[in-house]
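Student: I am new to this structure and would like to go through it slowly, one question at a time. Could you begin with any term I will need?

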Amino acid sequence: MRYDIAVIGSGPAGISAAINGTIRNKKVILFGNDDLSAKLVKAPSIDNYLGFYDISGNDLKDKFKQHLEDMNIEITKLKINNVYAMGEYFTLMAGDEMVEASTVIIATGVEYGKPIKGEEEFLGKGVGYCATCDAPLYRDKNVAVIGYNHEAEEDANFLSEITAKTYFIPMHKNELNLNENIDVIKDFPLEIQGDNLVNKLKLRNQELDVDGVFVMKDSASPKALVPGIETEGVHIKVNINMETNIPGCYACGDCAGKPYQYLKSAGQGQIAALNAVSYLDKKKRESMK
């Protein structure tokens, strides 16, 4: 089945896009998670969201979830690793699963902080963001997982079943749930090194000889997610209609630039959805001529 609109991200921008696309009778798929947005649920008090003065991020999340439930919009809990423009449609890859959509709206938030030195240079040459996609390449080899979330732990456990050695470098202080054969390295990654391919991860206090490094963050860099997309720094370049340089692909919310505000994100989500609808309707009219 090919969807009309695929929305990647379940924060205020993505939810708004999914709701407005659904209102316009389009077949929408929304990718995200039960918390909707890690940034949102951590907010102690929000005072500038219209109609909800002095509301906690968690309570606003519950309001958003109720709105989705009332409109029968489900959240598909798959992490999209790559989006490929195929001409008339887009292919979205989530591990070994594939979804097709006529348009895509990116609402993944912004990746805070700079990439690790060497991360972008060795992308596809030993650096990856999807363990389930790339794991077969590292059978009986040594890999390191730099984990910013619990999903990274699941990927590390999966890798440890087929690699010779899996190292896990936690970038958070939460309790870990890892297989016993994984070496936990509580250190800070400084640089990914190699010749043509990755062969070393340099940490603050030591070096690891590895064949691959998986960097598991809440949001991947736009260039890694959508090959060929134009960016301005860490943000996706869009026009006033939330259009990217790729026809049929839109971006909204924090990933489309500052200010990082929930209300602004929700408004941009609506703009992206309405323009995606216009794009689809125009395509339909052209096909009927």
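Tutor: Helices and strands here are DSSP runs, a helix having at least four residues and a strand at least two, and they are numbered from the N terminus. Please keep in mind that this is a predicted model.

Student: Where does Ala256 lie, and is Ala256 buried or exposed?
Tutor: Ala256 is found in the loop that runs between strand 17 (249–251) and helix 7. A residue is called buried when its relative accessible area is under 20%. The relative accessible area of Ala256 is 16%, and therefore Ala256 is buried.

Student: What distance separates the C-alpha atoms of Ala256 and Thr108?
Tutor: Along the chain, Ala256 and Thr108 are 148 residues apart. In space, the separation of their C-alpha atoms is 9.4 Å.

Student: What distance separates the C-alpha atoms of Lys186 and Glu121?
Tutor: Lys186 sits in the loop between strand 10 (182–184) and strand 11 (189–194), and Lys186 counts as exposed because its relative accessibility is 74%. Lys186 and Glu121 are 65 residues apart along the chain, and their C-alpha atoms are separated by 25 Å.

Student: Why does the end-to-end distance of helix 1 agree with what its residues should span?
Tutor: Helix 1 covers residues 12–23, which makes twelve residues. At 1.5 Å a residue these should span 16 Å, so the expected span agrees with the distance between the end C-alpha atoms, which is 16 Å.

Student: How many of the twelve residues of helix 1 are buried?
Tutor: The buried residues of helix 1 include Pro12, Ile15, Ala18 and Gly21. Helix 1 is mostly covered, and the number of its residues that are buried is ten.

Student: Which residue forms a salt bridge with Lys26, and where in the chain is that partner?
Tutor: Side chains of opposite charge can pair when their charged atoms come close. For Lys26 and Asp281, the closest N and O atoms are 2.7 Å apart. This pair links distant parts of the chain, 255 residues apart, with Lys26 in the loop between helix 1 and strand 2 (28–31) and Asp281 in helix 7. Lys26 is buried, with a relative accessible area of 18%, whereas the partner asked for, partly exposed at 24%, is Asp281.

Student: Which residue meets Asp34 in a salt bridge?
Tutor: The salt bridge of Asp34 has an N to O distance of 3.4 Å, and its other side chain is that of Lys77. The two are 43 residues apart, Asp34 being in the loop between strand 2 and helix 2 (38–41) and Lys77 in the loop between strand 3 (75–76) and strand 4 (82–85). Asp34 counts as partly exposed, at 42% relative accessibility, while the exposed partner, with a relative accessible area of 51%, is Lys77.

Student: Which residues are joined into one network by salt bridges that share partners?
Tutor: One of the salt bridges is formed by Glu207 with Lys200, their closest N and O atoms being 3.8 Å apart. Salt bridges that share partners make one network, and its members are Lys200, Glu207 and Asp209.

Student: How many salt bridges does a search of the whole structure find?
Tutor: The pairs of Lys26 with Asp281 and of Asp34 with Lys77 are among them. Over the whole structure, the number of salt bridges found is eight.

Student: Which residues form a positive surface patch?
Tutor: One of its members, Arg285, is placed in helix 7 (residues 262–288), and Arg285 counts as exposed because its relative accessibility is 51%. The patch is formed by Lys282, Lys283, Arg285 and Lys289.

Terms used. Residues are numbered from 1 along each chain as its sequence is written. This is a predicted model: local features need pLDDT of at least 70, side-chain atom pairs count only at pLDDT 80 or more; totals for chains, interfaces and linings use all residues. Side-chain values use heavy atoms; hydrogens and water are left out. Patches are made of residues with over 30% relative accessible area and no salt bridge: like charges are joined within 9 Å, nonpolar side chains (Val, Leu, Ile, Met, Phe, Trp, Tyr) within 5 Å. Accessible areas come from the Shrake-Rupley method with a 1.4 Å probe; for residues, only the protein chains shown count as cover. A salt bridge is a side-chain nitrogen of Lys or Arg within 4 Å of a carboxyl oxygen of Asp or Glu. Lys and Arg count as positive and Asp and Glu as negative; His and the chain ends are not counted. The place of a charge is taken as NZ of Lys, CZ of Arg, CG of Asp or CD of Glu. Buried means under 20% relative accessible area, exposed over 50%, partly exposed in between (1.4 Å probe, protein chains only). The expected span of a helix is 1.5 Å times one less than its number of residues.
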